[in-house]
Amino acid sequence: MLLRTDFTTDDVHWPWPGLRIMLPKELALNADSESCPLQYVDVCVAAQGEPIRFPQELLDDLFGGLAKIGCTPNPYLLRGFTHPEAGECYGCALSYSLETATWANRWETRRLQELARTETAPDSSEHANVESVRKLVLNVLLLLTHYELDPILVEGTPLIRRAKMKGRHFLAELARARFLSELLRKKAFRRVKPVSEAGEEEIGSISGESVGESTGIKRRSH
Amino acid sequence: MPEIDSRILDQFQRACPAAYRALAGRKFLLPNRCQASYSSQDVALHRRQLVLLVSTLSPKEDSIPLRSELINLVQSLRCEFPTTLFGPGLGRDALAHGFYDR
């Protein structure tokens with residue numbers, strides 16, 4: 001869909017440095033499969049020269065806590081990472097059998113079509129569907145870029161309950177799930193008739209969670 | 001991924017409360033009709049703890065799979081783990097509309 005065009009990495013504005021896309025079981029990753037073997041896919045970008053490191057308070061808590069229970073942490077995490085030569089994009093998907101499909105590619109100006117088909121680094125864990133997953137991720141990033149000023153993205157996730165302790169048990173914060181289709185649902189589209197049938201334009205709207213036909217339809221924002 | 005002693009995982013929440021809350025402090029409420037379409041959130045939260053502990057206790061610096069999971073963890077933590085769901089309906093239509101197959 002979106003990858004059929006000449007979009008490049010410069011056209012992608014990451015809404016966050018990293019995000020998770022939860023995948024439904026009904027998602028068929030290729031024409032032969034009827035269900036999705038992957039639970040979710042995480043994707044992130046590390047800019048050139050940007051230090052990638054956990055916050056110091058988390059590291060203090062982690063290292064102090066592990067030492068108390070007799071573990072010896074490796075200082076590996078304290079050093080962090082940098083990518084001095086170019087930005088890097090990392091992807092990681094987890095299957096239902098707890099296997100990972102991961103990839104890492106330089107994030108520098110190039111066509112997204114080309115990036116989607118690029119060989120991953122030699123040590124990456126390949127998965128039968130990794131190219132499909134990478135295309136899906138790039139399409140989602142383009143979609144989020146297109147809607148980057150939408151209130152759904154700007155306002156973030158509505159909180160339902162704050163994190164709290166119930167006796168000795170920690171209850172996680174509860175937030176309302178956000179679906180990609182919430183962005184698409186708000187759009188109307190205009191069906192353009194062939195010249196031979198020129199006349200009134202038909203106005204329709206996308207309902208449910210369908211993405212709509214791509215041929216002969218121009219989308220228009222409200 | 002290297003194995004981690006299950007006792008360490010069991011003690012992680014109590015020994016490192018701030019780290020635990022940072023990683024596992026948020027869940028998402030899904031509409032009832034969608035809940036069966038997605039995997040357990042507990043599995044995903046548990047995986048974050050595992051990645052952090054493996055990276056701390058058994059690091060393999062050259063392993064791209066682990067490095068990829070770890071850097072995803074660091075970058076997502078910066079913005080409180082943004083999560084979006086590919087809707088079940090969108091999932092059914094995605095292949096037909098060439099969302100990732102073209």
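Here is a short chat about a predicted model with chains A and B.

User: Before we start, how are residues, chains and ligands labelled, and what pLDDT do local features need?
Analyst: Residues count from 1 along each chain as its sequence is written, while chains are lettered from A and ligands numbered from 1 in the order in which they are written. As the model is predicted, side-chain atom pairs count only at pLDDT 80 or more, totals for chains, interfaces and linings use all residues, and local features need pLDDT of at least 70.

User: What pattern does chain B follow along its sequence?
Analyst: Helices (H or I, at least four residues) and strands (E, at least two) are DSSP runs, numbered from the N terminus. Chain B has five helices and two strands. Reading along the sequence, you get α-α-β-α-α-β-α.

User: And how many strands does chain A have?
Analyst: Chain A holds 222 residues, and 32% of them are buried (20 or more other C-beta atoms within 10 Å of a residue's own, with C-beta atoms placed from the backbone; 12 or fewer is exposed, in between is partly exposed). Next to its six helices, the strand count for chain A is 11.

User: In what order do the five strands of the open sheet sit?
Analyst: Strands pair if DSSP finds at least two bridges between them. The pairing in this sheet is mixed, and the twist averages 15° from one strand to the next. The order is 4(A)-3(A)-2(A)-1(A)-2(B).

User: Why is one side of strand 4 of chain A, and of strand 2 of chain B, left without a neighbour in the sheet?
Analyst: Look at the edges of the sheet: that's where strand 4 (100-106) of chain A and strand 2 (83-85) of chain B stand. One side of each is left without a neighbour because each has a single partner strand.

User: Which residue stands opposite A:Asp42?
Analyst: Strand 2 (residues 38-46) of chain A pairs with strand 3 (residues 88-95) of chain A in the antiparallel sense, over eight bridges. Opposite A:Asp42, in strand 3 of chain A, is A:Cys92.

User: At about what angle does helix 4 of chain B run to strand 2 of chain A?
Analyst: Helix 4 (residues 64-77) of chain B lies across strand 1 (18-22), strand 2, strand 3 and strand 4 of chain A. For the angle, axes are lines fitted to C-alpha atoms, for helices over the stretch in contact, and angles run from 0 to 180 degrees between N-to-C directions. Against strand 2 of chain A, the helix runs at about 75°.

User: Is B:Leu73 buried or exposed?
Analyst: B:Leu73 is found in helix 4 of chain B. There are 23 C-beta neighbours inside 10 Å of B:Leu73, so this residue counts as buried.

User: Which residues of chain B does A:Ile21 touch?
Analyst: A:Ile21 lies in strand 1 of chain A. Contact means C-beta atoms, placed from the backbone, within 7 Å. Not counting residues up to four places away in sequence, A:Ile21 touches A:Tyr40, A:Val41, A:Val137 and A:Val140, along with B:Thr84 and B:Phe86.

User: Which helix gives the most to the largest nonpolar core?
Analyst: A nonpolar core is a set of buried Ala, Val, Leu, Ile, Met, Phe, Trp, Tyr and Cys residues joined through C-beta atoms within 7 Å. The largest one has 66 residues, with A:Ile21 and A:Val137 among those with the most contacts inside it. Giving eight residues, the top contributor to this core is helix 4 (residues 130-146) of chain A.

Notes:
Contact = placed C-beta atoms within 7 Å.
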